[in-house]
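I open these notes with one residue and its surroundings, and then turn to the ligand site.

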Amino acid sequence: MIKAIRGMRDLLPPETARWQWVEQVAREVFALYGYREIRLPLLERTELFARSIGADTDIVSKEMYSFPDRKGESLTLRPEATASVLRAVVENGLDKGGGVKKLYTLGPMFRYERPQKGRYRQFYQINGEAFGVDAPELDAEVILLLLDILQRLQLGEMRLLINSLGCPECQVKFKAALGLFLISREGLCEDCQRRRTTNALRVLDCKSVHCKEILKDAPVIRDYLCADCAAHFARVLELLRRFGVAYEDQPRLVRGLDYYTRTAFEVVAPGLGAQDAVAGGGRYDGLSQQLGGPALPGLGFAIGQDRLLEVLPRELLGRDREYKVFLVALGEAAKEKCLNLLQKLRENNLATEMDFGNRSLKAQISQADRLGAACVIIIGEMELKDGKAQIREMATAYQQPVPFNEVPDHVKWLKDKTLAETNV
Ligand code: ATP
Ligand code: MG
């Protein structure tokens with residue numbers, strides 16, 4: 001058989017129920033903070049990403065799925081969502097009218113990276129983006145929102161790492177100092193030797209152990225922040241403290257994308273090995289203009305859904321607790337009866353299944369068990385004659401006859417009783 005592409009996984013049931021649960025909780029929390037959903041194309045012009053993320057970044061220089069379409073225009077499968085959200089906001093005039101605009105989006109991203117635990121070529125993000133205001137209160141709110149989602153999903157241990165990357169003016173001064181520091185260093189990797197002159201900030205993001213070692217003594221951007229940027233950052237931290245958020249101020253934190261200004265953050269969780277970042281984000285006040293748009297400050301975050309699901313406690317994700325009913329038909333006449341009952345139960349909002357394979361009672365009961373049915377309704381010749389179905393509760397194996405026309409009400413009653421008992 002033809003196989004899936006390397007690094008692109010199938011997400012299978014029952015695991016998909018956990019994914020749905022995560023998405024549902026995220027949607028609910030977004031709504032609490034006034035975010036509304038935006039759905040975007042997966043394909044964009046390559047230029048959108050090259051100009052926003054930055055040509056020297058790993059993403060643009062080696063990780064994008066780019067190809068010419070049939071007319072020869074270069075298109076790219078989106079490696080991240082922020083640039084697309086911003087494009088859509090400006091293109092559709094959502095930025096008009098002033099004030100803060102809050103949007104969220106969910107979906108797959110594509111990066112040609114080396115597949116390993118927590119790293120895939122198609123992976124999923126939950127993105128929140130807020131536009132129109134450069135106030136530090138918005139930065140704090142966005143971070144609170146991110147942590148709120150993660151906490152409600154019961155992510156146990158996590159650490160918030162935060163830094164300020166300054167405005168373009170701070171960055172120009174810092175890059176000059178960093179460049180000066182790097183120019184005399186021996187042994188930087190090939191990429192970094194090039195980047196130290198083209199885009200020195202990118203060297204800080206290098207994954208090579210050797211480069212990291214060299215960078216230990218490098219200047220930090222904190223020492224180059226202008227008064228406005230320093231005050232902005234101080235206010236963000238003050239608000240985080242006020243709302244009881246434990247953060248780790250990390251003056252050396254940088255992100256893998258060029259567009260970040262001022263606040264930048266990451267959430268890391270233990271148990272993920274080397275790929276320990278569950279979410280990342282930051283402010284990107286110059287991005288809109290970089291793309292040829294109006295001045296439009298903003299910030300956002302992306303949660304890596306694949307990694308998040310890896311670290312969430314498994315037992316909490318019991319969306320499979322749905323009350324299921326299974327119909328067992330023994331013989332052709334019973335099957336006819338069951339077909340009617342099947343639709344009747346569904347009309348009553350009871351999740352009901354049956355197997356049309358005419359298998360033995362034993363085989364059908366064990367299938368009901370595999371499917372996690374809480375209740376099995378058995379109809380054979382005897383039952384047809386008596387006008388009653390046998391209703392069996394799987395947990396206790398308690399079984400009783402119930403007249404056909406009373407079956408839906410009886411099962412509803414059983415369901416309520418069971419859910420009340422298990423909902424401690
Ligand atoms: P990393 O340093 O781990 O490569 P990143 O800085 O490239 O992460 P972002 O672009 O900020 O990541 O994306 C936000 C989140 O998306 C990450 O924190 C991570 O959880 C997730 N993510 C990024 N790349 C991948 C991938 N290839 N596979 C799975 N999840 C990913
Ligand atoms: Mg990366």
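Entry 1. I looked up the contacts of Gly 280, leaving out residues up to four places away in sequence, and found Arg 255, Phe 265, Glu 266, Phe 301 and Ala 302. I note that the model is predicted.

Entry 2. I located Gly 280 in strand 10. I then checked its cover: Gly 280 counts as buried because its relative accessible area is 8%, where the cut-off is under 20%.

Entry 3. I computed the C-alpha separation of Gly 280 and Gly 300 and obtained 8.6 Å, for residues that stand 20 apart along the chain.

Entry 4. I turned to ligand 1 and listed the 16 residues that surround it. The closest are Arg 111, Glu 113, Arg 119, Arg 255 and Ala 277. Arg 255 is also among the contacts of Gly 280. By class, I sorted the shell into six charged, three polar and seven nonpolar residues.

Entry 5. I searched for polar contacts of ligand 1. One of its nitrogen atoms lies 2.9 Å from a polar backbone atom of Tyr 120. An oxygen atom of ligand 1 is 3.0 Å from a side-chain N or O atom of Gln 125. For Arg 307, I found a polar side-chain atom at 2.9 Å from an oxygen atom of the ligand.

Entry 6. I computed the cover of ligand 1: on its own it has 580 Å² of accessible area, and the protein covers 91% of that.

Entry 7. I asked which elements give two or more residues to the shell, and recorded strand 6 (122-131), strand 10 (277-283) and strand 11 (298-304). Strand 10 gives the most, with three residues.

Notes. Residues are numbered from 1 along each chain as its sequence is written. Chains are lettered from A and ligands numbered from 1 in the order in which they are written. This is a predicted model: local features need pLDDT of at least 70, side-chain atom pairs count only at pLDDT 80 or more; totals for chains, interfaces and linings use all residues. Side-chain values use heavy atoms; hydrogens and water are left out. A residue is near a molecule or strand if one of its heavy atoms lies within 4 Å of it. A polar contact is a pair of N or O atoms within 3.5 Å; within protein, one must be able to donate a hydrogen and the other to accept it, and residues adjacent in sequence count only if both atoms are side-chain atoms. Accessible areas come from the Shrake-Rupley method with a 1.4 Å probe; for residues, only the protein chains shown count as cover. Helices (H or I, at least four residues) and strands (E, at least two) are DSSP runs, numbered from the N terminus. Ala, Val, Leu, Ile, Met, Phe, Trp, Tyr, Cys and Pro count as nonpolar, Asp, Glu, Lys and Arg as charged, and the others, Gly among them, as polar. Buried means under 20% relative accessible area, exposed over 50%, partly exposed in between (1.4 Å probe, protein chains only). Contact means heavy atoms within 4.5 Å.
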